[in-house]
Amino acid sequence: MSSDPFDEAVASAAVLEKRTGRRSHEVAVVLGSGWLPAADALSASATGEVVEVGFSELGGFRSPTVPGHSGVVRSIECHGHPVLVLLGRVHLYEGHSPATVVHGVRAAAAAGCRTVILTNAAGSLNARMRVGLPVLIRDHLNLTSASPLAGPPPPEGYAGRFVDLTDLYSSRLRGVAREADPSLTEGVYAAMRGPHYETPAEIAMLRSFGADLVGMSTALEAVAARHVGMEVLGLSLVTNVAAGLGESPVSHEEVVAAGAAAARSVGGLLGDVISRL
Ligand code: 8IG
């Protein structure tokens, strides 16, 4: 296989076309920890055939090692839109390169998607953003020290590496999401490398930086999506209060449980947003 990540994405998209029988997809949804039950709620509302393809069949994908992340891509028809649902992602903290972390987003773009909905579970630094609530990402702080655009310049036919990130989390799409749910609030997402959670001092620092949410994903995928011209919507599900702000230590089990509890409502939200695209 070619070692160029953009070529690998095109190769994955070709397999997707063959296996799903759908020539092109319009929307990609990347599901983070806790969002798996929401994907099932979304798939249940799909019309037409639901096709699943394992990451291992697609080339360029790696199998997730985190509970709550399966490794399949689902192709569904949702409110007339062909949608690729990526169930599970991989993270820098699993030892992967930035290029591997964003492979799914680049493959979705190569498969025709012009819109990507990036979901994640996050800790909250803002008392208004309570456990169980979905929050729109308004902007991010990429504190991972990594970029999917580091390395050789992108090949011929792609934008250059110096990508503008103004309005990265599309204000238009945030407006669409608020039409679906007017109670949605917006916040700034701080992306950390992890996998350890923060110290209370680090959380105090992030608050002073203007962060409302903290997690270990999404930022690199958003940058890669913008680079290939996709419009990005980011949705965090608050699953814990950040370190030092709540009564209990942070645990991954609490993340998965909060996701399961919110599954139906956030699954409905995804479908509602897609129906308005
Ligand atoms: I869910 O509190 C989730 N992911 N870094 N800190 C970091 N990542 C997270 C947290 C958190 N909660």
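## Chatting through the ligand site and the fold

Me: Which polar side-chain atom lies 2.5 Å from a nitrogen atom of the ligand?
Reply: That one belongs to Glu-198. Keep in mind that this is a predicted model.

Me: Nice. And what lies 2.7 Å from a nitrogen atom of the ligand?
Reply: A polar side-chain atom of Asn-240 does. The backbone joins in too: a backbone N or O atom of Gly-123 is 3.2 Å from a ligand nitrogen atom.

Me: How much of the ligand's accessible area does the protein cover?
Reply: The protein covers 95% of it, where the ligand on its own has 330 Å².

Me: Which pocket is that space?
Reply: The ligand takes up the space of the largest pocket.

Me: Which elements give two or more residues to the shell around the ligand?
Reply: Those are strand 5 (115-124), strand 8 (213-215) and strand 9 (231-241). Strand 5 gives the most, with three residues.

Me: OK, so which residues surround the ligand?
Reply: Going along the chain, you meet Ala-121, Ala-122 and Gly-123, then Tyr-197 and Glu-198. After those come Val-214, Gly-215 and Met-216, followed by Thr-239, Asn-240 and Val-255.

Me: How do the residues of that shell divide into nonpolar, polar and charged?
Reply: Six are nonpolar, four are polar and one is charged.

Me: Switching topic: how many helices and strands are in the protein chain?
Reply: Nine helices and nine strands. The C-alpha trace spans about 50 × 40 × 35 Å along its principal axes.

Me: How does the radius of gyration of the chain fit a compact globule?
Reply: The two agree, because a compact globule of 277 residues would have a radius of gyration near 19 Å and this chain has 17 Å.

Me: What about the backbone, where is there a cis peptide bond?
Reply: From Gly-194 to Pro-195, with omega near 0 degrees. Pro-195 sits in the loop between strand 7 (185-191) and helix 7 (200-209).

Me: And which residue has a positive phi although it is not a glycine?
Reply: Asp-167 does, at about 55 degrees. Look for Asp-167 in the loop between strand 6 (134-142) and helix 6 (171-180).

Me: Why point those two out?
Reply: Because most residues other than glycine have a negative phi, and most peptide bonds are trans.

How values were computed:
Residues are numbered from 1 along each chain as its sequence is written. This is a predicted model: local features need pLDDT of at least 70, side-chain atom pairs count only at pLDDT 80 or more; totals for chains, interfaces and linings use all residues. Side-chain values use heavy atoms; hydrogens and water are left out. A residue is near a molecule or strand if one of its heavy atoms lies within 4 Å of it. A polar contact is a pair of N or O atoms within 3.5 Å; within protein, one must be able to donate a hydrogen and the other to accept it, and residues adjacent in sequence count only if both atoms are side-chain atoms. Accessible areas come from the Shrake-Rupley method with a 1.4 Å probe; for residues, only the protein chains shown count as cover. On a 1 Å grid over the protein atoms alone, a cavity is a set of points where a 1.4 Å probe fits but cannot get out, and a pocket is an open set with protein on both sides within 12 Å along at least five of seven lines; lining residues have an atom within 4 Å of a point. A molecule sits in a cavity or pocket if more than half of its atoms lie within 2 Å of its grid points. Helices (H or I, at least four residues) and strands (E, at least two) are DSSP runs, numbered from the N terminus. Ala, Val, Leu, Ile, Met, Phe, Trp, Tyr, Cys and Pro count as nonpolar, Asp, Glu, Lys and Arg as charged, and the others, Gly among them, as polar. The radius of gyration is taken over C-alpha atoms; the globule rule is 2.2 Å times the number of residues to the power 0.38.
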